Structures are given as C-alpha cells and as structure tokens.
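Trainee: I would like to learn how to read strand pairing and a covalent cross-link from a model, taking one feature at a time.

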Amino acid sequence: VQLQAYGGGLVQAGDSLRLSCAASGLTFSSVGMGWFRQAPGEEREFVAAISWKGGITLYADSVKGRFTISRDNAKNTVYLQMNSLKPEDTAVYYCAGDRLSRLRSKLVRAPSDYDYWGQGTLVTVSS
C-alpha cells in the first residue's frame, strides 16, 4: 500500500492550498481516509476524515469552515482544500487510510485507528 501526499508549500496567511493524496495497492473505495498534521514539537493531530463512499465527513474544530475534505474514488485520490490559512496551520500534513471504515458506525479521529500512512507534505503559512 502506498499513499503519496503532495501539494504542500509556502503560502501567506489568508491564502488557499489544496493537498492531494494518491493511493495505490489497496481497494481505495473501501477505505475511509483522513488527514492529520504534525507541527514541530507537537503530537500528530486529526484534521479531517471522509467515509469510504464520501458521503460523511468529520473535521477538527480548528479547521471547521475553512478546510474541506473530498475524494474521487475513480482516481484513488483524497483531497484537502484549505482556505483562509493561518500561521498556526503550519505543519507536515499526512494522509491516512482506515481499512476498517466500512465496519465502523462512525468516522474516527485517533491516529492509532488508521492503518495506512503517507509520507507527509509540508505546509508553511507565513504571517
């Protein structure tokens, strides 16, 4: 299984950025997907998750209303549209897959609930 995250970069506060994560080696349409981030010296934190069909989403309070997670099962890709970026959004962003998503009654936030991880893409927001 490979998850390849890309689209990070250096932007200014208030700008937008879209991250993508391309998956291979798994039945993508059966896997719930999530985005996490980790700032220097901090623990990895949940950002957003989307159900295997794409009909249900979940967001951290800190990004609700600014970020949107979506997926294209035909392209084996999950996206994170980030608007109104703030300096505190600066972090390495990781995509992750939950292979048990179809068996769960709700989306999950804990990193330990995700089985597959990408390598991360750095987002830096300057003030």
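Mentor: We will go through a sheet and then a disulfide, keeping in mind that this is a predicted model.

Trainee: What is the order of the four strands in the open sheet, and how are they paired?

Mentor: Strands of a sheet pair through backbone hydrogen bonds, either parallel or antiparallel. Here the open sheet of four strands follows the order 1-3-8-7, and its pairing is antiparallel. Strand 1 (2-6) and strand 7 (67-72) are the edge strands, each of them pairing on one side only. On average, and with direction ignored, neighbouring strands of this sheet are turned by 15 degrees against each other.

Trainee: How many bridges join strand 3 to strand 8?

Mentor: Strand 3 (residues 17-24) and strand 8 (residues 77-82) run antiparallel and are joined by six bridges. To follow the register on the screen, you can begin at R18, whose bridge partner in strand 8 is Q81.

Trainee: Turning to the cross-link, how many disulfides does a search of the whole structure find, and which residues form a disulfide?

Mentor: The search finds one disulfide; C21 and C95 form it, with their sulfur atoms 2.1 Å apart, which is inside the 2.5 Å cut-off for such a pair. The link of C21 and C95 is right-handed, with 60 degrees about the S-S bond.

Trainee: Why does the pair tie together parts that are 74 residues apart in sequence?

Mentor: It does so because C21 lies in strand 3, whereas C95 lies in strand 9 (residues 91-98).

Trainee: Are C21 and C95 buried or exposed?

Mentor: Both C21 and C95 are buried, that is, under 20% relative accessible area.

Conventions: Residues numbered from 1 in each chain as written. Predicted model: local features only at pLDDT ≥ 70, side-chain atom pairs only at ≥ 80, totals over all residues. Heavy atoms only, no water. Pairing = 2+ DSSP bridges. Helix = DSSP H or I, 4+ residues; strand = E, 2+ residues; numbered from the N terminus. Axes fitted to C-alpha atoms, helices over the stretch in contact; angles between N-to-C directions. Buried < 20%, exposed > 50% of the residue type's maximum accessible area, 1.4 Å probe, protein only.
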